[in-house]
Amino acid sequence: MCLHARRKEKLTLDVDVQDKIEDELPTLFHILKRRKRYETREVRAIKDRQEHIYTRPQDILDTFITHLTQKYGHTDFDDNSIAIMEAAIPQTCPTVYASQLESPITYGEILMARRAGFCHKAPAIDGIGLEFYTENWVIIKSDLKDMVNHKFIHNQVSNQQKHAIMLCLPKSHGDPTPDGFRPISLHTTEYKILSRIMARCLRPIMAEHLRSSQFCAVPGDSILEAVATVCDAITYAENTGTPTCVLTLDFESAFDRMSHNYLFIVLRRYGISKRFVERIRNLYDGATASLQINRMLTVRIPIQRAVRQGCPFRMVLYALCLHPLLRILEDRLHGIHIGGITRISPVLAYVDDVTLLVTQPEDFDTILQSIHTYEKATRAQLNT
């Protein structure tokens with residue numbers, strides 16, 4: 001009887017919020033809803049790089065493990081290319097941002113980070129969701145503040161807290177290989193609170209350095225401004241007869257291919273203090289993930305590169321890493337000049353979605369050379 005009650009409780013926890021009412025008993029609707037949810041995530045067959053198709057659950061699991069181990073494994077980098085990317089960022093003295101990056105974390109920052117999260121999301125390996133911190137805030141806020149500051153100031157983030165559960169969700173194009181699945185990492189709530197606070201600390205730096213071309217995570221900018229700028233450029237080109245090519249760039253697995261060596265070198269160039277960079281490094285060094293697929297959990301896979309999807313830091317870190325390429329292109333491309341005075345920036349980006357406004361044939365060579373240098377520095381790969 002107790003076992004039956006536990007199963008019923010699990011059933012009500014595993015349905016969407018809009019599909020249940022408070023104190024409602026499980027019904028056939030909930031059972032079918034849960035079954036449909038599992039079926040959409042179930043992987044019945046997978047194809048490896050040698051075109052072999054596997055249908056046994058263990059073979060499917062082994063194929064994913066091999067793929068993800070190679071995908072997130074250590075990669076070589078080119079020092080000269082990193083130096084070129086680093087030089088594109090104006091040097092900023094670390095003392096400029098020292099007060100906002102080195103100050104202990106306050107109650108207000110923790111509360112903002114907690115409110116920025118979403119409830120009713122799948123918890124990580126410890127099973128503690130955001131609801132626990134919300135319901136017990138008055139009781140635990142003092143201990144939580146001490147714990148978060150201990151991790152922040154003394155770099156005491158344990159390997160267990162850096163461990164995530166990784167789900168591979170199928171993409172829309174139906175690729176039967178592991179590349180056709182998007183890996184999403186489920187982190188512990190305390191890890192997300194800390195990384196969300198640290199990401200917020202970097203917003204003023206982004207507002208100063210990234211405003212001209214990056215429209216994501218920059219205070220005061222939005223994707224609507226990027227769209228409006230492209231529309232203005234197209235309208236001007238049509239009215240004046242200016243030859244213009246709107247070129248969009250797509251980097252393959254952009255977040256997953258980012259080199260950690262490049263990441264930590266470039267961050268120092270923005271004037272981010274050495275201690276703060278070490279705190280970011282501490283969140284990533286020794287990070288691991290266990291793949292959950294077909295209701296099975298794998299051994300730990302080391303994450304030696306990538307800004308993980310599911311980490312609150314990912315947007316900020318990727319935008320800062322991409323900015324050197326955007327700055328090089330912005331300086332070297334001709335762009336569109338309205339009335340001979342106002343210049344529309346030839347580079348517009350929203351995270352990894354990059355749009356270029358090309359007006360001269362020789363600009364294409366500049367773009368290819370710059371991207372090639374960026375690829376060697378970060379191990380990114382343009383999806384042609």
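A residue counts as buried when its relative accessible area is under 20%. With that cut-off in hand, let us walk through this predicted model, starting with one residue that sits close to the limit of the definition.

**A threonine in a loop**

Thr-177 has a relative accessibility of 18%, which is under 20%, so Thr-177 counts as buried. Its place is in the loop between β3 and β4. Setting aside the neighbours within four places in sequence, Thr-177 is in contact with Ile-46 and Lys-47. There is also His-52 to look at: 125 residues separate His-52 from Thr-177 in sequence, while their C-alpha atoms are 9.8 Å apart in space.

**The chain as a whole**

Stepping back, the chain holds 15 helices and 11 strands. Its radius of gyration is 23 Å, close to the 21 Å that the globule rule gives for 384 residues, so the chain is as compact as a globular protein of that length. Along the principal axes, the C-alpha atoms fill a box of roughly 80 × 50 × 40 Å.

How much of the chain is buried? Of the 384 residues, 45% count as buried. The accessible surface comes to about 19,800 Å², and carbon and sulfur atoms own 53% of that area. If you like contact maps, here is a handy figure: among contacts with a separation of 6 or more, 70% are between residues 24 or more positions apart.

**The four-stranded sheet**

Strands of a sheet pair through backbone hydrogen bonds, either parallel or antiparallel. Here, four strands form an open sheet in the order β4-β3-β6-β7, and the pairing is mixed. At the edges are β4 (181–186) and β7 (296–302), each of which pairs on one side only. From one strand to the next, the twist averages 30 degrees.

Strand β3 (residues 163–170) makes a good place to see the mixed pairing. Six bridges join β3 to β4, and these two strands run antiparallel. Leu-167 stands opposite Ile-184 in β4, and Leu-169 stands opposite Arg-182 in the β4 strand. Towards β6, five bridges are found, and there β3 and β6 run parallel. In that pairing, His-163 stands opposite Thr-288 in β6. Strand β3 is also mostly covered, with six of its eight residues buried.

A helix belongs to this picture too. Helix α3 (residues 57–71) lies across β3, β4, β6 (288–293) and β7, and it runs at about 20 degrees to β7.

**Salt bridges**

Side chains of opposite charge can pair when their charged atoms come close. A search of the whole structure finds eight salt bridges. The table lists some of them, including the N to O distance for each pair.

| Acidic residue | Basic residue | N to O distance |
|---|---|---|
| Asp-59 | Arg-56 | 2.9 Å |
| Glu-102 | Arg-279 | 3.1 Å |
| Glu-278 | Arg-281 | 3.5 Å |

Take the pair of Glu-102 and Arg-279, whose side chains meet in a salt bridge. It links distant parts of the chain: Glu-102 is in helix α5 (residues 98–102), Arg-279 is in helix α13 (residues 274–284), and the two are 177 residues apart. Are these partners buried or partly exposed? Glu-102 is partly exposed at a relative accessible area of 22%, whereas Arg-279 counts as buried at 3% relative accessibility.

Glu-278 and Arg-281 offer a local case within helix α13. They are three residues apart in that helix, so about one helical turn separates them. Glu-278 counts as partly exposed at 31% relative accessibility, and Arg-281 is partly exposed as well, with a relative accessible area of 28%. Elsewhere, salt bridges that share partners join Glu-102, Arg-275 and Arg-279 into one network.

Asp-59, which meets Arg-56 in a salt bridge, has a relative accessibility of 23% and therefore counts as partly exposed.

**A second threonine, this time in a strand**

To finish, turn to Thr-355, which lies in strand β11 (residues 353–358). Why does Thr-355 count as buried? Its relative accessibility is 16%, and the limit for buried is under 20%, so Thr-355 qualifies. Not counting residues up to four places away in sequence, Thr-355 touches Val-230, Val-246, Leu-247, Thr-248, Pro-346, Val-347 and Leu-348.

Note on methods:
Residues numbered from 1 in each chain as written. Heavy atoms only, no water. Pairing = 2+ DSSP bridges. Axes fitted to C-alpha atoms, helices over the stretch in contact; angles between N-to-C directions. Contact = heavy atoms within 4.5 Å. Salt bridge = Lys/Arg side-chain N within 4 Å of Asp/Glu carboxyl O. Buried < 20%, exposed > 50% of the residue type's maximum accessible area, 1.4 Å probe, protein only. Rg over C-alpha atoms; globule rule 2.2 N^0.38 Å. Areas by Shrake-Rupley, 256 points an atom, 1.4 Å probe, with all protein chains shown as cover.
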